[in-house]
Every structure is written in structure tokens, then in C-alpha cells.
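Work through the exercises below with the model open beside you. Try each task before reading its solution.

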Amino acid sequence: TIDVTLGWNMIGVPSTISLTSQVEQIGTTVLTNYFGYASAGGYFSEDSLQPGYAYWVKVDQTGKLVVKGLPSLIPPSASVLIQTGGYHGKNIQKSIDTLKEMNTLTIRDAGGSQQTLYFATAPTAIDIEKYQLPPLPPIGITDARYSTNRMLETSEKGRSKTISIILSSAVYPITVEWKLIDALALATLILDGKEIKITGSGETRITNPESIIQL
């Protein structure tokens, strides 16, 4: 049982892997996904909590989270999976799978760090607030996010929307790579006022740390 307070909390589990979909909430409600952090990839949504790691989660008020270990789901040969990305059992959090269906912007810097942002058109079933990102990491650690502090942004069908991308401690030059999964989506990357139409997959390079990046 873990005590949590209003807003962002950093939590961990003692000894066994726990699925986030089975975390019990007492007196509080989880507002976001659970986020891990990797030096090479930045913040990422996680469906399982692993011993020895810390995770960010945001709640609406003081309360408790009850994490339940699942040793019976872990086969003896799962150690490599645990080290490289977590054990993905049958109860994978739906929001993790949802991201796989989204258009992506992957931002890579010259220091080897990268982070992926997502965008889509009018997915009415998605609770966009679950994709709020945790507080900025310390100075010197690369971070990329939308100006709304989310990793996912959406627009309504038939209406345009412009959103800024905020980079922290990135080592230039950086590469912005895109992959458009939704063939009906219309998207444009705007670099210092210059428009680059996003179609299929592609990338562009940015050398100026003062550049303004928008989607």
C-alpha cells in the first residue's frame, strides 16, 4: 500500500512486478498513465511496475494505491524482457496499445537521446488528460513535450489546431522524424514559420537551438 498526495507522485514496488491495470485506488483517482523514464528515450507510458524502478503518476487527491504482485505470471525465462521493457501480460493497459495506433513525431538529439510524441484526429474515446507528462527532468537531461505538457495531442475533425513543441536540454543538431499512420490526417510541421507537409514517413534536421517548432 502506497500513500499518495494531490498531484504528481513518484512510486515504486518492493519485490514483484505489478500490472498498472490492477492497481487498486483508495480515496483517490489516478488521472494519468504511469510513466517510467529511460535516458535514451525520455518518459514513456508503462503497463507494469518493476522492482528497483521509479514511476510517476498523477492523482486527484490524497489517498492510497494498493499494488498487487503477480509472481505467477513471470516465467523463469522472462529476465531479459524485464530488463528491456517490462513484462507484458494479458492485462495490458489500453492506453499503451492506443499509442501504437497514433501518428508519431520522434525527436532525436546529437547526444543519443530521443523521445516520441503522438498526434491524432478526433479520437473521441481517448481521455487526453491521461497523457500528461510528469514534471520536467533536471537540467542536462533531454526532454520533449507539447506546450500543454502532454505527449499526445488531438484535433477535431474539420478544424485546424497549432501546438508548440518544447525541448529541454537537447544537444543540437536534432532530427525530427515523423510517421503518419492515419492516411486521412492532414499535418504540417512548422519550423520558424516555414511549413513542411507531413506525409507517410520522413525527417528533417534542425541546427538552431533557438528554432520555434510547431505542429
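The exercises go from the whole chain to sheets, cores and single residues.

This is a predicted model, in which local features need pLDDT of at least 70, side-chain atom pairs count only at pLDDT 80 or more, and totals for chains, interfaces and linings use all residues. Residues are numbered from 1 along each chain as its sequence is written, and side-chain values use heavy atoms, with hydrogens and water left out.

**Exercise 1. Take stock of the protein.**

Task: Find how many helices and strands there are, and what share of the residues is buried.

Solution.
- Start with the elements. The protein has two helices and 19 strands. These are DSSP runs numbered from the N terminus: H or I over at least four residues for helices, E over at least two for strands.
- Next, burial. Of 215 residues, 43% count as buried. Buried means under 20% relative accessible area, exposed over 50%, and partly exposed in between (1.4 Å probe, protein chains only).
- Then the surface. About 11500 Å² is exposed, and carbon and sulfur atoms supply 53% of it. The areas come from the Shrake-Rupley method with a 1.4 Å probe; for residues, only the protein chains shown count as cover.
- Last, contacts, meaning heavy atoms within 4.5 Å. Among contacts with a separation of 6 or more, 69% join residues 24 or more positions apart.

**Exercise 2. Order a sheet.**

Task: Work out the strand order of the open sheet with three strands, and name its edge strands.

Solution.
- Use the pairing rule: two strands pair if DSSP finds at least two bridges between them.
- Strand 1 (residues 2-4) runs antiparallel to strand 9 (residues 63-66), with three bridges. Ile 2 has Leu 65 as its bridge partner, and Asp 3 has Lys 64.
- Strand 4 (residues 24-26) also pairs with strand 9 in the antiparallel sense, over three bridges. Here Ile 26 is partnered by Lys 64.
- Put the pairs together. The order is 1-9-4, and the pairing is antiparallel. Strand 1 and strand 4 are the edges, each pairing on one side only. From one strand to the next, the twist averages 25°. Axes are lines fitted to C-alpha atoms, for helices over the stretch in contact; angles run from 0 to 180 degrees between N-to-C directions.

**Exercise 3. Find a hairpin.**

Task: Find how many residues lie between strand 5 and strand 6 in their hairpin.

Solution.
- Strand 5 (residues 34-38) pairs with strand 6 (residues 42-46) over five bridges, in the antiparallel sense.
- Within this pair, Tyr 37 stands opposite Tyr 43.
- Three residues lie between the two strands of the hairpin.

**Exercise 4. Map the nonpolar cores.**

Task: Find which strand gives the most to the largest nonpolar core.

Solution.
- Apply the definition: a nonpolar core is a set of buried Ala, Val, Leu, Ile, Met, Phe, Trp, Tyr and Cys residues joined through side-chain atoms within 4.5 Å.
- The largest core has 32 residues; Leu 105, Tyr 146, Met 151, Leu 189 and Ile 198 touch the most other members.
- Two or more residues come from each of strand 10 (103-109), strand 11 (114-121), strand 12, strand 15 (174-179), strand 16 (187-191) and strand 17 (194-198). Strand 11 gives the most, with four residues.
- Check one member. Beyond four places in sequence, Met 151 touches residues including Phe 35, Leu 99, Leu 117 and Tyr 146.
- A second, separate core has 13 residues, among them Val 4, Tyr 34, Tyr 55 and Val 57.

**Exercise 5. Compare three loop residues.**

Task: Are Arg 150, Thr 142 and Gly 193 buried or exposed?

Solution.
- Arg 150 lies in the loop between strand 12 (143-146) and strand 13 (152-155). Its relative accessible area is 12%, so Arg 150 is buried. Its side chain makes a polar contact with that of Glu 153 at 3.0 Å. A polar contact is a pair of N or O atoms within 3.5 Å; within protein, one must be able to donate a hydrogen and the other to accept it, and residues adjacent in sequence count only if both atoms are side-chain atoms.
- Thr 142 sits in the loop between strand 11 and strand 12. At 18%, Thr 142 is buried. Its side chain joins that of Asp 109 in a polar contact of 3.0 Å. A polar side-chain atom of Thr 142 also lies 3.2 Å from the backbone oxygen of Ser 169.
- Gly 193 is in the loop between strand 16 and strand 17. Its relative accessibility is 62%, so Gly 193 counts as exposed. The C-alpha atoms of Gly 193 and Ile 212 are 7.9 Å apart, with the two residues 19 apart along the chain.
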